[in-house]
Amino acid sequence: MPKALIISDSHGLTEELQEVKDRHSQEVDAFIHCGDSELATDASELEGFHYAKGNCDFEADMENEQIVDVKGVRFLVAHGHLLQVKQSLMPIYYRAEEAGADVACFGHSHTIGAEKVGDKLIMNPGSSRLPRDRSEPTYAIIEWEDGSKELTVTYYHMDGNKLEDLEVQFDLSSRN
């Protein structure tokens, strides 16, 4: 079963970011960071991550967004500040539509969220350092069957414990 780990807003964390990467290195097919790591692009903790530049990242060679294909699912990776995610999900939805993405993942708001808009999953893994909506620092793993557009989003505490109450499933094969 393919999986992608999504994390955002780590704001200088190094040991914790490395621990998450080490913990899941044998089980996920992609590591995605939605920005505001505040680390250099060549930091060992970011090695292996698809990364989008956040408003607190100042490396000139970071891209504002990435399009990542993972085992049949296309991800738009953005921080969200350039797409006004704090006001509306429509700009990131439209950008995902332009990019042909199935999933648009973002950070910036430090707020957990996953919702289907049209035939897209728009999701935020929350903040791995400074959560605003919950007390736990979080990240997420999205998994799906090969060839399927049925996705399961599972949120985790940074210590690796699954947040069972937040697991949710989405069927992207229809627009409803």
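Reader: How does the radius of gyration of the chain compare with that of a compact globule of 176 residues?

Author: The general idea is to set the value against the one that a compact globule of equal length would have. In this predicted model, the chain has a radius of gyration of 14 Å, which agrees with the value near 16 Å for a compact globule of 176 residues. Along the principal axes, the C-alpha atoms fill a box of roughly 40 × 30 × 30 Å.

Reader: What share of the residues in the chain is buried, and what share of the contacts joins residues at least 24 apart?

Author: Burial and contact separation may be read together. Of the 176 residues, 52% are buried. Among contacts between residues at least 6 apart in sequence, 52% join residues at least 24 apart.

Reader: Which secondary-structure elements does the chain have, and how many?

Author: One begins with the count and then follows the order. The chain has two helices and 11 strands. Read from the N terminus, the elements run β-α-β-β-β-β-α-β-β-β-β-β-β.

Reader: How many aromatic pairs does the structure hold?

Author: An aromatic pair is read from the distance between ring centres and the angle between ring planes. The structure holds four aromatic pairs. One of them joins F31 and F49, a tilted pair with 5.3 Å centre to centre and 55° between the planes. This pair links distant parts of the chain, since F31 belongs to strand 2 (residues 30-33) and F49 to strand 3 (residues 49-51), 18 residues apart.

Reader: Are F31 and F49 buried or exposed?

Author: The cut-off for burial is under 20% relative accessible area. F31 has 10% relative accessibility and therefore counts as buried; F49, also at 10%, counts as buried as well.

Reader: Why is the pair of F75 and W144 tilted?

Author: The angle decides: planes under 30 degrees apart count as stacked, over 60 as edge-to-face, and the rest as tilted. The planes of F75 and W144 stand at 50°, so the pair is tilted; the ring centres are 6.0 Å apart. Here too the pair links distant parts of the chain, with F75 in strand 5 (residues 73-78) and W144 in strand 9 (residues 138-144), 69 residues apart. F75 counts as buried at 0% relative accessibility, and W144 counts as buried at 1%.

Reader: What area does the chain expose, and how many positive and negative side chains does the chain have?

Author: The surface is read by area and atom type, the charges by number and place. The chain exposes about 8,000 Å², of which carbon and sulfur atoms supply 42%. There are 16 positive and 34 negative side chains, and the centres of the two sets lie 4 Å apart.

Definitions and conventions
Residues numbered from 1 in each chain as written. Predicted model: local features only at pLDDT ≥ 70, side-chain atom pairs only at ≥ 80, totals over all residues. Heavy atoms only, no water. Phe/Tyr/Trp six-rings, centres within 6.5 Å; stacked < 30°, edge-to-face > 60°. Helix = DSSP H or I, 4+ residues; strand = E, 2+ residues; numbered from the N terminus. Buried < 20%, exposed > 50% of the residue type's maximum accessible area, 1.4 Å probe, protein only. Rg over C-alpha atoms; globule rule 2.2 N^0.38 Å. Contact = heavy atoms within 4.5 Å. Areas by Shrake-Rupley, 256 points an atom, 1.4 Å probe, with all protein chains shown as cover. Lys, Arg positive; Asp, Glu negative; His and termini not counted. Charge placed at Lys NZ, Arg CZ, Asp CG, Glu CD.
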